[in-house]
Each structure stands twice: as structure tokens, then as C-alpha cells.
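Here are my notes on the model you sent round. I've kept them to numbered points so you can check each one against the coordinates.

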Amino acid sequence: MKQKKWMTGLGVIVLATSLAACGDTADDTSMEMSEEQSMDHSAMDHSGSGEIPDGLMEANDPTYPVGSTAMMTADHMPGMEGVEATIVGAYDTTVYAVSYTPTTGGDPVENHKWVIHEELENVDDAPLAEGEQVVLAADHMEGMDGAEATIDMAEETTVYMVDYTTEDGEEVTNHKWVTESELEAMK
């Protein structure tokens, strides 16, 4: 009888340990899923490689020359509005706001700012018209490269690659892109 109780007790301990281990794994998985599912611009690393697309022309006389600083008024990424930016590159091109569904799945991205003409596959001369369908060759966000997109708006302007520190202290380098209208002279 003692042996039977001992075996039952051992069985309960093994079962409890197994369930606890399963519980830990399930908790870890659900945490990973919720972090992944809640990923938005704020969870992304906004830094870039600094590489520029083929054919992109440096601006001849940009309002904000390379090495200068400007105040950002852009709010398309969390933590960038109202912070100082250092200009890393200035280029004359056509910039687009686009809507697309990431190639990695997930919810569609509406009115993403910005993709430049040189980051579109097999397109005619700029500017493209609102509503045109394009394929993205940009990798600013996961699932962007190769995605089919719709042009929401187009503007011929100078775009800037910038370095900045967000309001909460995150250092961002080689961020693509900020338009000239999203920058102000330092006061």
C-alpha cells in the first residue's frame, strides 16, 4: 500500500512539473505572439543602412545642407516631431505616400510616408499619378520590399536622410525619408 501511495505521489509530482513546463512554454509563446501582433511603427528600428538607391541625385543647393541641423515637424513616426535632426543626405526626387499590404502578411499599411521614385520597380518617369499601382523596392519596414502598392500622393521635392534622437532617447541614424516641408530652421 505504501508503495502505491508513493507511486501516486511521484506521478502527481511528474504531472505537475510537466504541466508547469507546458504552462511556461505557452506563456512565452503567447507573449511572443502579442509582441509580434502589436508591432507597429513604434516597435520598429527606424535607422537605416545609409545606402541610397541607384539613380538618386544629390540636391545641388538644398535648404538644409549635409551636416546642418533642423527641427523636424514630421509626425509619421513616433518620437520624431519637435526633435532636432542632423542632415546626412539631401536628394532631389519625387516622394510618394503609398498604401500596401506587407509581403509578410498582416494588416494593410495606409498612407505610408515616404517612398521615393527610385525605390519603385519598373516605373515610368516621375511623377506617377495618384491611384497608380506599383511594386516597392524599399526596405524601410519589414514586408515592404516587393509589396504591391497604390500611390496615395506624389510630390516633387528635396528629401532628406537624417540622424536624430527621439523624445524617449532612442538614437536613429540614416532615417529615410523626411521632406523639406517637414523641417524647420533651428531657432
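The points below go from the overall fold to the aromatic pairs and then to some backbone details.

1. First, a reminder that this is a predicted model. Everything here is computed from it, so please read the values in that light.

2. On the fold: the secondary structure comes to one helix and eight strands. Reading from the N terminus, the order is α-β-β-β-β-β-β-β-β, so the helix precedes the strands.

3. On contacts and surface: among contacts with a separation of 6 or more, 60% are between residues 24 or more positions apart. Of the 187 residues, 34% count as buried. The accessible surface is about 11,200 Å², and carbon and sulfur atoms make up 49% of that area.

4. Now the aromatics. How many aromatic pairs does the count come to? The count gives two. One of them is Tyr64 with Tyr160: the ring centres are 5.8 Å apart and the planes meet at 70 degrees, so this pair is edge-to-face. The cut-off behind that label is an angle over 60 degrees.

5. Where do the two tyrosines sit in the chain? Tyr64 is in the loop between β1 (57–58) and β2 (69–72), while Tyr160 belongs to strand β6 (residues 148–165). They are 96 residues apart, and the pair links distant parts of the chain. As for exposure, Tyr64 has a relative accessible area of 11% and is buried; Tyr160 is buried too, with a value of 0%. The limit for calling a residue buried is under 20%.

6. Tyr91 and Trp177 form an aromatic pair as well. Their centres are 5.9 Å apart, with 80 degrees between the planes, and the pair is edge-to-face. Tyr91 comes from strand β3 (residues 84–100) and Trp177 from strand β7 (residues 171–179), so the pair ties together parts that are 86 residues apart in sequence. Are these two residues buried or exposed? Tyr91 is buried at 8% relative accessibility, and Trp177 is buried at 0%.

7. Stay with Trp177 for a moment, as its backbone deserves a look too. The peptide bond joining Lys176 and Trp177 is cis, with omega about -5 degrees. That puts a cis bond next to a residue of strand β7 that also takes part in an aromatic pair with Tyr91.

8. There is another cis peptide bond to check, from Lys113 to Trp114, with omega near 10 degrees. Trp114 is in strand β4 (residues 109–116). I'd like both of these bonds mentioned in the write-up, Lys113 to Trp114 and Lys176 to Trp177.

9. Strand β4 also holds Asn111. Its phi is near 55 degrees, a positive value in a residue other than glycine. What is the relative accessible area of Asn111? The value is 38%, so Asn111 counts as partly exposed.

10. Last, Asn122. This residue is not a glycine, yet its phi is positive, at about 45 degrees. Asn122 is placed in the loop between β4 and β5 (133–135). With 81% relative accessibility, Asn122 counts as exposed, because the limit for that label is over 50%.

Definitions and conventions. Residues numbered from 1 in each chain as written. Predicted model: local features only at pLDDT ≥ 70, side-chain atom pairs only at ≥ 80, totals over all residues. Heavy atoms only, no water. Phe/Tyr/Trp six-rings, centres within 6.5 Å; stacked < 30°, edge-to-face > 60°. Helix = DSSP H or I, 4+ residues; strand = E, 2+ residues; numbered from the N terminus. Buried < 20%, exposed > 50% of the residue type's maximum accessible area, 1.4 Å probe, protein only. Contact = heavy atoms within 4.5 Å. Areas by Shrake-Rupley, 256 points an atom, 1.4 Å probe, with all protein chains shown as cover.
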